[in-house]
Amino acid sequence: MLCFRVLALLISLHAAYAVADPRINYLLHCSGCHLPNGESAPPEVPSLRDQLGAIASSSAGRDYLARVPGAAQTPLSDSELAEVLNWVLREFNAQSLPESFVPLTASEVAQSRQNVLVDPEGYREQLWPASDDVYGDRFIQPYRE
Ligand code: HEC
């Protein structure tokens with residue numbers, strides 16, 4: 001009986017950990033295209049490293065992050081997606097992330113992901129004109145609001 005309880009506890013801990021940990025959700029739902037370290041495969045799949053901090057510093061950019069199809073249409077819940085995006089920003093974009101950055105919330109992400117971008121690349125280019133560089137190695141210009 002005790003053995004069963006210990007086992008049940010371990011299983012529930014494991015389940016809670018697996019559901020809650022954004023790193024694991026990133027590995028399960030994003031790394032297939034963006035690779036475990038976020039490098040992705042530019043130019044087809046843009047890198048998630050170093051450049052997203054500048055984007056996340058504007059409200060349009062915060063919105064954009066949850067509207068790209070790969071993020072918007074993931075089976076993750078709104079709060080799980082918010083955590084994954086926050087994790088990506090902190091883990092891969094610490095240098096470009098403003099100190100004043102306020103983490104994305106589940107309700108913010110819920111609203112954004114309803115408007116899945118049909119032309120993410122075109123939209124990005126419109127908002128961040130240096131976007132030719134985005135799919136390469138160089139940094140984009142900060143967003144002009
Ligand atoms: C099936 C492949 C695929 C998966 C899975 C995927 N993405 Fe993407 N992602 C892309 C592609 C391709 C783009 C470029 C925009 C487009 O064409 O959709 C992109 C763009 C992005 C961008 C915008 C980057 C920029 O610099 O503009 C973010 C942020 C992003 N993805 C996050 C995620 C997150 C978070 C997940 C997991 C929840 C994820 N993606 C899963 C393929 C994928």
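How many other C-beta atoms lie within 10 Å of Ser40? In this predicted model, the count comes to 18. Since a residue needs 20 or more such neighbours to be buried and 12 or fewer to be exposed, Ser40 is therefore partly exposed. The residue sits in the loop between α3 and α4, a stretch that turns up again further down.

First, the overall layout. The chain is built from 9 helices and 0 strands, so running along from the N terminus one simply reads α-α-α-α-α-α-α-α-α. Of its 145 residues, 26% count as buried. As for contacts between residues at least 6 apart in sequence, 63% of them join residues at least 24 apart.

Helix α7 is a good place to start looking inside. It covers residues 78-92, 15 residues in total, and from first C-alpha to last it reaches 21 Å, close to the 21 Å expected at 1.5 Å a residue. Its buried residues are Leu81, Ala82, Glu83, Val84, Leu85, Asn86, Val88, Leu89 and Phe92. These pack against quite a list of partners: α2 (22-29), α4 (52-56), α5 (59-67), α6 (69-72) and α8 (106-113).

Not every residue of the helix is buried, though. Glu80 also lies in α7, but with 19 other C-beta atoms within 10 Å it is partly exposed; the cut-off for buried is 20 or more, so Glu80 falls short of it. The C-alpha atoms of Glu80 and Ala106 are separated by 7.8 Å, although the two residues are 26 apart along the chain.

In soluble globular proteins, nonpolar side chains tend to be buried together. Here the largest nonpolar core has 21 residues, and those touching the most other members are Leu65, Leu81, Val84, Leu85 and Val88. Helices α4, α5 and α7 each supply at least two residues of this core, with the largest share, 7 residues, coming from α7. Leu85 gives a feel for how this works: leaving aside residues up to four places away in sequence, it touches Leu65, Ala66, Ala71 and Leu104.

The ligand has 23 residues around it, of which Cys30, Cys33, Gly70, Thr74 and Pro120 come nearest. By class, this shell has 15 nonpolar, 6 polar and 2 charged residues. Helix α7 shows up here too: along with α3, α6 and α9 (120-127), it is one of the helices that each supply at least two residues of the shell.

Back, then, to the loop between α3 (31-34) and α4, and to its backbone. Most residues other than glycine have a negative phi, and most peptide bonds are trans. Ser40 goes the other way, with a positive phi near 60°. Asp50, placed in the loop between α3 and α4, also has a positive phi, near 75°. Like many a loop residue one might click on, Asp50 deserves a look at its surroundings: 18 other C-beta atoms lie within 10 Å, so Asp50 is partly exposed. Pro43 is found in the loop between α3 and α4 as well, and the peptide bond leading to it from Pro42 is cis, with omega near 5°.

Terms used. Residues numbered from 1 in each chain as written. Predicted model: local features only at pLDDT ≥ 70, side-chain atom pairs only at ≥ 80, totals over all residues. Helix = DSSP H or I, 4+ residues; strand = E, 2+ residues; numbered from the N terminus. Expected span 1.5 Å × (residues − 1). Contact = placed C-beta atoms within 7 Å. Near = placed C-beta within 6 Å. Nonpolar A, V, L, I, M, F, W, Y, C, P; charged D, E, K, R; others polar. Core = buried A, V, L, I, M, F, W, Y, C linked by C-beta atoms within 7 Å.
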